[in-house]
Amino acid sequence: MAEPAIGNNHKYYDAVVLGGGKGGKSLALALAAKGVSVALIEEKMIGGSCINVACIPTKTLVASSKLVNAAKEAAEDGFSIAVADSAAAKNANLKAALTRKRAVVEGMVNAHWKLFEHTAGLDFYYGKGTFVSAKLIEVVLNNGEKQIVSGDRIYINTGSRPLIPSYEGLEECGYLTSTSIMELETLPEHLGIIGGGYIALEFAQIFKRLGTRVSIIERGNQFLPREDGEIAERLKQILKEEGIEILFDSPIKSMKKNGEMTELNLGEKGILSVSHLLVATGRLPNTENLNLDVPGVALDSRNFIKVDSRLETNVAGIFAIGDCKGGPFFTHLSWDDYRILRDNAFLHIAGRTSGTSASAAKADRTTDGRVVPYTLFTDPELGRVGMTEAEAKQAGHKILVAKIEARTIPRAQTEHETKGLLKAVIDAETKQVLGASILSAAGGEIVSVIQVAMLAKMPYTDLANVMFSHPTMAESLNLLFAKVSDG
């Protein structure tokens, strides 16, 4: 594939976007469509990590492993479906899942190449950018050439990468990350996963369903500590029933190779021997090679970029989007960052073109008070928005609690997806929903409906009486908000 045309040796732009992830690429395209001259710089992943190594490929693998599991369950239910259980068959399933994943990713990457090459007003630079002054960036292009760009406004969207802990013996033993595990051509005999967060749980279920023995190694004693306790306990039971081993209170003292296996010293818990090791212990920002000390952009203790409620750094005219400014690390949050910056930039442009002073055209969209939902893409999904029961009580709310089992939902029964628990927390005085945890089929979709109701300040009684079509998973909200009790 031909690379996009490179500009002159030094070129000035109205805006420079450093990093082509979800927020950055969306902002660059939106500004260019508005007549703003834009430079978009991306070193590696065309379209960003979401479509290359994160959301899209992982959820494609989730879907593939769900198909394999559905075939197994159908056979157990008496359907005439042959389910091969040999190592060759399992590896064939893995390769089929990888083939589908790669096809989906390739299609999206190619679509982004075309956008970057053919969008009027946007120059795409395929290379690594670093600051050489407050508003001047040197780009070392991937073809070896160099390009200097500068801009009135600079937006940093360089993302994050897996945090690799400093366990004794880790480098010698070798390990997988959330990126490299998706390129395995052969199923691990026994996959050990360090960490118990969302990435860890999604991969644990994917590989267990494809035929791998899986052990999750947790140094603490609490499962998903940021989630509602009842919901976390139910998800833990579901994963354990599928055969996923979860080892609590198991801090890793050291590790070493023993032939083809890696032996983890878990102290009092003994030795765990695994064939492959996935490290899923958090994220670090991609900021260390940007020379941010040159413009004087402030960082926190973990090198994430500090921003205000308008996503501007301490240096006027330099902004940060998405993961590089700190968590939570969600693509949809990065996209909301884009919307804030887009609208504020448009206001700035309008003020500039009309001759209005900069202060009069001051941006008015901020991150203040925004509601951030998220979904853990296990099966069943865990959709979350707002407060848990414990958080609501700690905040001083007098609460009501709505709760139902997923198996009571008619659509869940027809789909043979009855595992899970749905729970919502309600302010007893205003009757408005404070938060919800939806562990069920389509949990992420259901919680989105609740999120909209929260933003509209709709009382829960309205949700209890909305006429949803039958049978759908959205109809579960009628059932859920009919089951309200004192918290």
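## A strand with two partners

Strand E18 and strand E21 (residues 484–486) pair in the antiparallel sense, over 3 bridges. This pairing belongs to a predicted model. E18 also has a second partner. That partner is strand E19 (residues 421–427), which runs antiparallel to E18 and is joined to it by 7 bridges.

Which residues stand opposite Ala402? In E19, Ala402 faces Ala424. In E21, the bridge partner of Ala402 is Val484. E18 spans residues 399–405 and is mostly covered. Of its 7 residues, 5 are buried.

## Helix H1

Helix H1 covers residues 22–33, which makes 12 residues. From its first C-alpha to its last, H1 reaches 17 Å. The expected value, at 1.5 Å a residue, is 16 Å, so the two are close.

How many residues of H1 are buried? The count is 10 of its 12, so H1 is mostly covered. The buried set starts with Gly23, Gly24, Lys25, Ser26 and Leu27. It continues with Ala28, Leu29, Ala30, Leu31 and Ala32. Just after H1 comes Gly35, which takes a positive phi of about 90°.

## Ser334 in helix H8

Helix H8 runs over residues 331–354, and Ser334 is found in it. Is Ser334 buried or exposed? Its relative accessible area is 6%. Buried means under 20%, so Ser334 counts as buried.

What does Ser334 touch, leaving aside residues up to four places away in sequence? Its contacts are Lys22, Gly23, Asn157, Ile321 and Gly322. One of these, Gly23, is also among the buried residues of H1.

## Closed spaces inside

The structure holds 5 cavities of 30 Å³ or more. The largest cavity has about 80 Å³ of space. It is lined by 11 residues. Closest to its centre are Asp14, Val36, Arg153, His348 and Ile349.

Which element gives the most to this lining? H8 does, with 4 residues. Strand E1 (10–18), strand E5 (146–156) and H8 each supply at least two residues. By class, the lining of the largest cavity has 6 nonpolar, 1 polar and 4 charged residues.

The second largest cavity has about 60 Å³ of space. Its lining includes Pro162, Leu163, Ser178, Ile199 and Leu278. Val279, Ala280, Thr281, Gly282 and Arg283 line it too. By class, this lining has 6 nonpolar, 3 polar and 1 charged residues.

## An open pocket

Now to a pocket. The second largest pocket has about 440 Å³ of space. Three elements give two or more residues to its lining: helix H3 (55–76), helix H4 (87–118) and helix H6 (198–210). H3 has the largest share of the lining, with 6 residues.

In total, 19 residues line the second largest pocket. Val68, Asn69, Lys72, Lys208 and Arg209 lie nearest its centre. How does the lining divide by class? It has 6 nonpolar, 4 polar and 9 charged residues.

Methods: Residues numbered from 1 in each chain as written. Predicted model: local features only at pLDDT ≥ 70, side-chain atom pairs only at ≥ 80, totals over all residues. Heavy atoms only, no water. Buried < 20%, exposed > 50% of the residue type's maximum accessible area, 1.4 Å probe, protein only. Contact = heavy atoms within 4.5 Å. 1 Å grid on protein atoms, 1.4 Å probe; cavity = no way out; pocket = protein on both sides within 12 Å on 5 of 7 lines; lining within 4 Å. Points joined across faces, edges and corners; volume = space filled by probe spheres on them. Nonpolar A, V, L, I, M, F, W, Y, C, P; charged D, E, K, R; others polar. Pairing = 2+ DSSP bridges.
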